[in-house]
Structures are given as structure tokens and as C-alpha cells.
Amino acid sequence: MAVEHSTGAAAPAPGDQTRIHNIGYRNYDGPRLGRAYARRSLYSQSLRGSYGLGRSVKSKVLPMLLFVVMCVPAAIMVAVAVATKANALPLDYTRNAIVMQAVISLYVASQAPQSVSRDLRFKTVPLYFSRPIETADYVRAKFAALASALFILTAAPLLVLYVGALLAKLDFADQTKGFAQGLVSVALLSLLFAGIGLVIASFTPRRGFGIAAVIAVLTITYGAVSTLQAIADAQGSGDAVPWIGLFSPITIIDGVQSAFLGATSASPGGVGPSTAEGIVYVVVALGLIAASYGLLMRRYKKVGL
């Protein structure tokens, strides 16, 4: 039988095993850039990401393709106006976003989840809030970035139309006025669509679900409202048409610009809301934007816990 022999060496006490190693860590003594810098960085990175900049080639395809789709019809209209020496553009500045609303909705549906759903899926939101950045900074940066991306998408074709109109030697004052009205319209549209898209996308970490939900809200409501407006107009209830338009984001924009920006309404009969009804449209639009911001704040206060 084998016999174990003790070596006689005493086991070291727990305290004797402790060692301190100098592995070169040094305190950071550089500038502290703070919340404002973090907020600007988050805004710029989110804006770049809305067009796939700084990301893979696959991420650039859809946003860049939609940008081209928005601008090509404007370029064609300019070419026609120049070639035929027309006295006016084929399409008003305020009508472009209404005509292209399907492309705009697809862009929002693709980029709103890209902006916020990945942070939810990979649980990086608490990491943002572990730094000087706060909930309000995160929400404002994401909201401003998507609204800016939408404004670029919708204002670029207006710029193409405006430059083309000047090249065609159309009246400078009329074109400048129409261009300014168009910019006001797409600015309001960008804020409204960005808010709605981000609120919907912030409730699911699945990008696919977010895309489907945003498309459903923006397109189904527009189809339903347009159908109801057509039915009301056919039955002689024209007074109800402007009020029905309050239930779809794109018809809200159409009502605001037809009431205050001299645009022709896309509603049945081409009759938009009156000035009094237009005020209601403005209040609803601003209320939806404020409500979207408030819902995002409440959502991310819970997520960041």
C-alpha cells in the first residue's frame, strides 16, 4: 500500500497570496467634453447611420436608393420644363412630398428601427446613460437626427426643382416663394413622421417588426382616410372631408399646407380645410409631435433603469 508522506511545508496564509501589480494604468487628465459633446456625437452618428454612412455597403443601398428615387422625378420634370420652355413647373413645390409619400413612408419605416431598435436589442441604452448623457439627450439626439435625415430626403428634390426653374428662366419671385413654402411643409412633415416612426420603433427590439408596424401606421391610415374622404365627397358630405383628414399623418400635412401655404389639396374635390379648420390641423400636428417626444421620454426612462 502506498503511503503519502507530508512534506512538512505549511500552507501559506490567505493574506500572503495577495500581490499588487503595476500594469501601467494612468488617470485620464485630458479635457472633459461633457454632455453637449456626447449629444452632438450621438446626433451626428445617428444622422450618418440614417444614410448608411460609416456602415456596411448593404446598409447604404436602401437609403441611397430611396434618395435617388426622390430626386429623379424632380430632375425629369426640370428637364421637361427646360426643353419645352414651359411657363411653370409640372408640379408645385408643396405637392412633391404628397405625391412621393409612399417613398417617404418606406424611408421612415426602414430607418426609424435602425436608429433605436438595435440599441434595444443589444441592450446598449443603459450604457449610454452610464455616461454624462441623460434620457433627454438621447431622445433629442435621435429625434433630431431622423428629422434631419427626413428633411434632407424631402428637401433635396425641392432644391432640384428650384435650381431647374431658375435655369428655365421662370419668374424668380414666384419660384422663391414656392420653394420657401415647400421647405416649411417638408420641415413639419419631417418632425411629424420622425416622431411617429421613433415611437413605434422604440417598442420593439426586432427591426422587422418595427418596419412592418411603421409601414402599417403610415400607409394604412392614409388609405383608410382617403377612402372615407372619397365616400363622404360622393355622398355630398363635403363638410366632413377636412375633419376626416385629421386621422392620417400625410393628410394632416396636406391640410396644413393647403390652408396656409397656398397649396392645392389632395383631398377629393381639391378643397382643403378653411383657415379655422387649418388652425385645428396645425394644433393636431404640433400636438402629435409633442406627444411623440413625451412618449419617447417615458419609454427611455423605463429602458434606462
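Begin by selecting Arg 35, Arg 39, Glu 134 and Asp 137 together, since in this predicted model these four residues are linked in a network of salt bridges. Side chains of opposite charge can pair when their charged atoms come close, and the stops below take such pairs one at a time.

Within the network, keep Glu 134 and Arg 35 in view, whose side chains meet in a salt bridge with an N to O distance of 3.8 Å. Glu 134 sits in the loop between α5 (125-129) and α6 (135-167), while Arg 35 belongs to helix α1 (residues 34-49), so this pair ties together parts that lie 99 residues apart in sequence. If you show the surface, Glu 134 counts as partly exposed at 43% relative accessibility, and Arg 35 is also partly exposed, at 33%.

Next, select Asp 137 and Arg 39, which form a salt bridge whose closest N and O atoms are 2.6 Å apart. Asp 137 is in helix α6 and Arg 39 in helix α1, so the pair ties together parts 98 residues apart in sequence. Here the two partners are placed differently, for Asp 137 is buried at 0% relative accessibility, whereas Arg 39 is partly exposed with a relative accessible area of 28%.

Finally, move to Lys 142 and Asp 119, where another salt bridge brings the closest N and O atoms to 3.7 Å. Lys 142 lies in helix α6 and Asp 119 in helix α4 (residues 101-121), so parts that are 23 residues apart in sequence are tied together. Lys 142 is buried at 8% relative accessibility, and Asp 119 is buried too, at 11%. The pairs visited on this tour are among the four salt bridges that the structure holds.

Note on methods. Residues numbered from 1 in each chain as written. Predicted model: local features only at pLDDT ≥ 70, side-chain atom pairs only at ≥ 80, totals over all residues. Heavy atoms only, no water. Helix = DSSP H or I, 4+ residues; strand = E, 2+ residues; numbered from the N terminus. Buried < 20%, exposed > 50% of the residue type's maximum accessible area, 1.4 Å probe, protein only.
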